[in-house]
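Subject: Structure for you to look over

Hello,

Here is the structure I promised. Please open it alongside this message; my notes follow below it.

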Amino acid sequence: MITRKWNVHNVDNLTGHQDIVEAAMWIKDGEVVAFPTETVYGLGANACSNEAIEKIFEAKGRPSDNPLIVHISSREQLPLAASDWNEIAEKLMDAFWPGPLTIVLPKSKYIAEKTTAGLDTVGVRMPDHPVALALIELAGTPLAAPSANRSGKPSPTNAEHVFYDLNGRIKGIIDGGATGVGLESTVVEASGGKVTILRPGGITKSQLETVVENVELDRALLEENLVPKSPGMKYTHYAPNAPLYLINGDRTFFQDKINQYQNDGQTVGILVSDELAGQLTADEVRMVGPSDQIEKVAQQLYNQLRSFDDSSVGVILAEMYPVEGIGEALMNRLLKAAGNKVLSKNRQE
Ligand code: TXA
Ligand code: MG
């Protein structure tokens, strides 16, 4: 398959634009097209067609028991995706849509079984990106879209990442430039008078708390032996090719670890804030931004993780960040990418 590339970076009147019209036609035809959202690039197909959805799972190599998020472009489209929603869900939509919040709701009869991996619920969100909204509107149907990476790899934050992973496997990629948030949406469930976070993401716990009183994390996110309510959380994710370890210690401890791996003959990559980069010596240094601007770090995380795959590093050591605000999602992704491997200063090895 030849993968078409459309560049709509900085284009006006998106719904009238030839390239988006063409991409929407492919979607109507049951094909798969990658598109930008405010979080990461998505791999979109008609959420109401099992045949189209199957192509997403195939292109990604995604386990078929992991449900997809359904994207809508207006509140009028909501009944196409969900059959019911309560007052709390409605409050969340009012406050955070369009935006990086996915709400798990009872599924409508229109959504294909494969989209939800057989579940009777569906994750729905309205992305805050003009290209995504124009594409959904022109396609005239909700779009199921997982992140547009090969299963297990870091999510794509620009069109080149998508091309690298999926060239030849999908019909087209709409290039709308780099994404803003850089991490995926927050997935929540709103039932029993409270909001449960199934996957931390672009909307933080404290943002949710400005709208609803009772917000908690799915306990499975904190305790390893519980089965997470969000099926995707159980898989290895976001991983670069080389093994990744998180460093829980000061600068000296970090440098000691670098030296140890180097003495063992390894080429060592480090993933660190701009400040720490200036204080450490390693073979490959990737900077994610100033440590006091955690949004920038989140935005750069996947891009820099991916960049190690084009280098010869044998091991990657990464800095950790405070679990506050978007830091919750950032640390969730870093721990997943590392397969929970943390080297701690105060622990015997
Ligand atoms: O920001 C995002 O959410 C991006 C962009 C493209 O919108 N999409 C994304 O999709 O991250 P994906 O497929 O990579 O992750 C979807 C997550 C998975 O962890 C999945 O298990 C969970 O959402 N999910 C989807 N439907 C669900 C449902 N009905 N119940 C519980 N979790 C669900
Ligand atoms: Mg994903």
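Asparagine 10 sits in the loop between β1 and α1 (18-28). Its phi is positive, about 60°, although the residue is not a glycine. Keep in mind that this is a predicted model.

A second backbone detail is at proline 98. This residue is in the loop that links α4 (87-96) and β5 (101-106). The peptide bond from tryptophan 97 to proline 98 is cis. Its omega is near -5°.

Now the sheets.

The eleven-stranded sheet is open, and its pairing is mixed. The strand order is β1-β8-β2-β3-β7-β4-β6-β5-β9-β10-β11. Which strands stand at the edges? They are β1 (4-7) and β11 (215-217). Each has a single partner strand, so one side of each is left without a neighbour in the sheet. The partner of β11 is β10 (residues 194-199): the two pair in the parallel sense, over three bridges. Within that pair, isoleucine 197 stands opposite leucine 217 of β11.

Two helices deserve a look here. Helix α2 (residues 50-60) packs on this sheet and touches β3 (42-46) and β7 (143-144). The direction of α2 makes about 155° with that of β3. Helix α6 (residues 159-166) lies across β1, β2 (33-35), β3 and β8 (172-175). Against β8, helix α6 runs at about 165°.

The five-stranded sheet is also open. Here the pairing is parallel, in the order β14-β13-β15-β12-β16. The edge strands, β14 (284-287) and β16 (342-344), each pair on one side only. From one strand to the next, the twist averages 25°. Strand β13 (residues 268-272) runs parallel to β14, and four bridges join them. Glycine 269 has glutamate 284 in β14 as its bridge partner.

This sheet also has helices against it. Helix α8 (residues 251-263) packs on the sheet and touches β12 (244-248), β13, β15 (315-319) and β16. The direction of α8 makes about 180° with that of β15. Helix α11 (residues 327-337) lies across β12, β13, β15 and β16, and runs at about 130° to β12.

Last, the ligand.

How many residues are around ligand 1? There are 27, and Thr39, Asn66, His71, Ser185 and Gly232 come nearest. By type, the shell divides into twelve nonpolar, ten polar and five charged residues. Strands β4 (69-71), β6 (121-125) and β10 each supply at least two residues of this shell. The largest share is from β6, with four residues.

Three polar contacts are worth displaying:

- Arginine 62: a polar side-chain atom lies 2.9 Å from an oxygen atom of ligand 1.
- Threonine 121: an N or O atom of the side chain is 3.0 Å from a nitrogen atom of ligand 1.
- Arginine 199: a polar side-chain atom lies 2.9 Å from an oxygen atom of ligand 1.

On its own, ligand 1 has 690 Å² of accessible area, and the protein covers 97% of it.

Best wishes

Methods: Residues are numbered from 1 along each chain as its sequence is written. Chains are lettered from A and ligands numbered from 1 in the order in which they are written. This is a predicted model: local features need pLDDT of at least 70, side-chain atom pairs count only at pLDDT 80 or more; totals for chains, interfaces and linings use all residues. Side-chain values use heavy atoms; hydrogens and water are left out. Two strands pair if DSSP finds at least two bridges between them. Contact means heavy atoms within 4.5 Å. Axes are lines fitted to C-alpha atoms, for helices over the stretch in contact, and angles run from 0 to 180 degrees between N-to-C directions. A residue is near a molecule or strand if one of its heavy atoms lies within 4 Å of it. A polar contact is a pair of N or O atoms within 3.5 Å; within protein, one must be able to donate a hydrogen and the other to accept it, and residues adjacent in sequence count only if both atoms are side-chain atoms. Accessible areas come from the Shrake-Rupley method with a 1.4 Å probe; for residues, only the protein chains shown count as cover. Ala, Val, Leu, Ile, Met, Phe, Trp, Tyr, Cys and Pro count as nonpolar, Asp, Glu, Lys and Arg as charged, and the others, Gly among them, as polar.
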